[in-house]
Amino acid sequence: MLFKKTIIQWFKMTFVTGLVFFSAYANAIPSFARQTGESCSACHIGAFGPQLTPHGMQFKLGGYVDTDGKDGKVPLSAMLVEGFTHTNKKLSDDAQPHFGKNDNLSLQELSIFLAGRLSDHVGSFVQVTGNDFDRKFAMDNMDIRIADSRQFGGKDLTYGISLNNNPTVQDPFNTLNGFKFPYMSSELAPGPAASPFINGALEQQVLGATAYGFYDNSFYAEFGGYQTLSRSLRNKINAGEDGRISGTSPYWRLGYFKDFKKQAFHVGLFGMDAKLQPDFLSGPTDKYHDIGVDASYQFLGTREHIFTVNTSYIDERRTLGSTFGSDGADSKHGDLKRFDLAGSYHYNNTYGVTLGVFDIRGNTDDKLYNSGEADSGSINGSPDSRGYIVQADWTPWGKDESWGSPWANMRLGLQYTGYTKFNGAKNNYDGLGRNASDNNTLFAFAWLAF
């Protein structure tokens, strides 16, 4: 029963916060702009993070150490996100402690960053975040890099090591969970119960080291592994407790990138294996084998009209030895597949619109998915969910001649998420009368970085 309880708690947490389904990460850091002497638009599509241009990708792979050569740069920044969340139908319970069942105004994130050059070859992106829900600060994303470059076989080679706490947060292509659309979303709105393990299942609860190389500005390869932080350390940094990886989980990434200056594209492969002990005890494990493909395209032109397309597909195979052994699943073996596609247009790096679609499918399992909970359950015992996201945003700053450059940046956005299927059904998915469209969410946000 302990295993089943752990799984149900995991799904409830996922549903309420949407943390696994929609990442709410940020990478719009003015300290990087101050360090390089360049505006945010040099490295980011739409003059605001985290979607990287080819120049921004090179800055990340180079270890965040490029500089304009001037002294006195302090690698500190701060970020604030205020949001308003409305769902088509109020939830059965409060969305979070200190909030109501609908129409919530919240301080979604207040972050402090250590972001920038620490030495000639060492740089960091370290984020500590507080919010209105927990009312405490916690360790957020971390990516500390040691990097260098040299000639090899007459071609440029950039190589390094990333020490990070969230698999995919170190990725440079904006198609994986760490930094993919939607780059900001409500944490007071419902999210589907299931998503592949590599999509943030143990974010901030692990520590990993990956070695990477980028050869001839085209060929990218990365390999490394992750282990779970101790419970004592996770408590000290206010990280979650969603099980423990048995041993080391390998992570790998391959990509081919081409920059034509006015346009660029990449295609890639990625994957991760993990053996999870849901109750932190030795014995049978839940095994996850995730493998995916992804691709992206950017038309940059003269930077007046910018178009982008990002997509990824993940195939996950599960062997739930621990959960099945504790009667928490009908079947020991299962699968989960996820497809994401997003396209954006930005005018003058100021006005943007993005349309994304998502599709999650997997085998039915009544014990695993039908928790019996209002709003978050699945009467069909199915993880299937699909829908779309539309976002319009305005970024008045972040260009060379903008007010406050390079000290401040701001994005104002309006985002709508619609569901055509949620946790296995269009209508009455939880068996208690809630429909998929009841979770459609309007999210208005103001996102500031200093």
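Arginine 303 is partly exposed, with a relative accessible area of 35%. That is our way into this predicted model, and a good place to look at some backbone geometry.

**Unusual backbone spots**

Arginine 303 belongs to the loop between β11 (286-299) and β12 (305-320). Its phi is near 75°, a positive value in a residue other than glycine. As background, most residues other than glycine have a negative phi, and most peptide bonds are trans. Asparagine 428 also departs from the usual sign, with phi near 50° in a residue other than glycine. You will find asparagine 428 in the loop between β16 and β17 (441-449), and with 33% relative accessibility it counts as partly exposed. A glycine can be added here: glycine 63, just after α4, takes a positive phi of about 90°.

The table brings these phi values together.

| Residue | Phi | Place |
|---|---|---|
| Arginine 303 | near 75° | loop between β11 (286-299) and β12 (305-320) |
| Asparagine 428 | near 50° | loop between β16 and β17 (441-449) |
| Glycine 63 | about 90° | just after α4 |

Which peptide bonds are cis? One of them joins phenylalanine 181 and proline 182, with omega about 5°. Proline 182 sits in the loop between β5 (155-164) and β6 (206-215). Another cis bond runs from serine 405 to proline 406, where omega is near 0°. Proline 406 is in the loop between β15 and β16 (409-421).

**Helix α4 and its aromatic partner**

Let us go back towards the N terminus, to helix α4 (residues 54-61). This helix is mostly covered, as six of its eight residues are buried. The buried residues are Pro54, Gly56, Met57, Phe59, Lys60 and Leu61. Phenylalanine 59 has a relative accessibility of 7%; the cut-off for buried is under 20%, so phenylalanine 59 counts as buried.

Aromatic pairs come next, and the count for this model is 27. Phenylalanine 59 takes part in one of them: with phenylalanine 32 it forms an edge-to-face pair, 5.1 Å centre to centre and with 70° between the planes. Distant parts of the chain are linked by this pair, since phenylalanine 32 is in helix α2 (residues 30-36), phenylalanine 59 is in α4, and the two are 27 residues apart. Phenylalanine 32 is buried too, at a relative accessible area of 10%.

**Other aromatic groupings**

Elsewhere, Phe173, Tyr212, Phe214, Tyr220 and Phe257 come together as one aromatic cluster. A charged side chain meets a ring at phenylalanine 280: arginine 231 lies over its face, 3.9 Å from the ring centre.

**Strands β1 to β3**

Now for some sheet. Strand β1 (residues 76-87) pairs with strand β2 (residues 104-117) in the antiparallel sense, over ten bridges. In this part, phenylalanine 84 stands opposite leucine 105 in β2. Strand β2 also pairs with strand β3 (residues 122-130), again antiparallel, over eight bridges. Here alanine 115 stands opposite phenylalanine 125 in β3. Four residues separate β2 and β3, and the two strands form a hairpin.

**Serine 385 and its surroundings**

Is serine 385 buried or exposed? Serine 385 is buried, with a relative accessible area of 0%. Its place is in strand β15 (residues 385-394). The side chain of serine 385 has a polar atom 2.9 Å from the backbone nitrogen of asparagine 423. Which residues does serine 385 touch, leaving aside neighbours within four places in sequence? The contacts are Pro192, Phe358, Asp359, Ile360, Lys421, Phe422 and Asn423. Asparagine 423 thus appears both in the contact list and as the partner whose backbone nitrogen faces that polar side-chain atom.

**A long span**

Lysine 421, one of the contacts of serine 385, also helps to give a sense of distance. Between phenylalanine 260 and lysine 421 there are 40 Å in space, C-alpha to C-alpha, and the two are 161 residues apart in sequence. Phenylalanine 260 lies in the loop between β9 (249-259) and β10 (263-277). In contrast to the 0% of serine 385, phenylalanine 260 is partly exposed, with a relative accessible area of 47%.

Definitions and conventions: Residues are numbered from 1 along each chain as its sequence is written. This is a predicted model: local features need pLDDT of at least 70, side-chain atom pairs count only at pLDDT 80 or more; totals for chains, interfaces and linings use all residues. Side-chain values use heavy atoms; hydrogens and water are left out. Buried means under 20% relative accessible area, exposed over 50%, partly exposed in between (1.4 Å probe, protein chains only). A polar contact is a pair of N or O atoms within 3.5 Å; within protein, one must be able to donate a hydrogen and the other to accept it, and residues adjacent in sequence count only if both atoms are side-chain atoms. Contact means heavy atoms within 4.5 Å. Rings of Phe, Tyr and Trp (its six-membered ring) pair if their centres lie within 6.5 Å; planes under 30 degrees apart count as stacked, over 60 as edge-to-face and the rest as tilted. A charge sits over a ring if NZ of Lys or CZ of Arg is within 6 Å of the ring centre and within 35 degrees of the ring normal. Two strands pair if DSSP finds at least two bridges between them.
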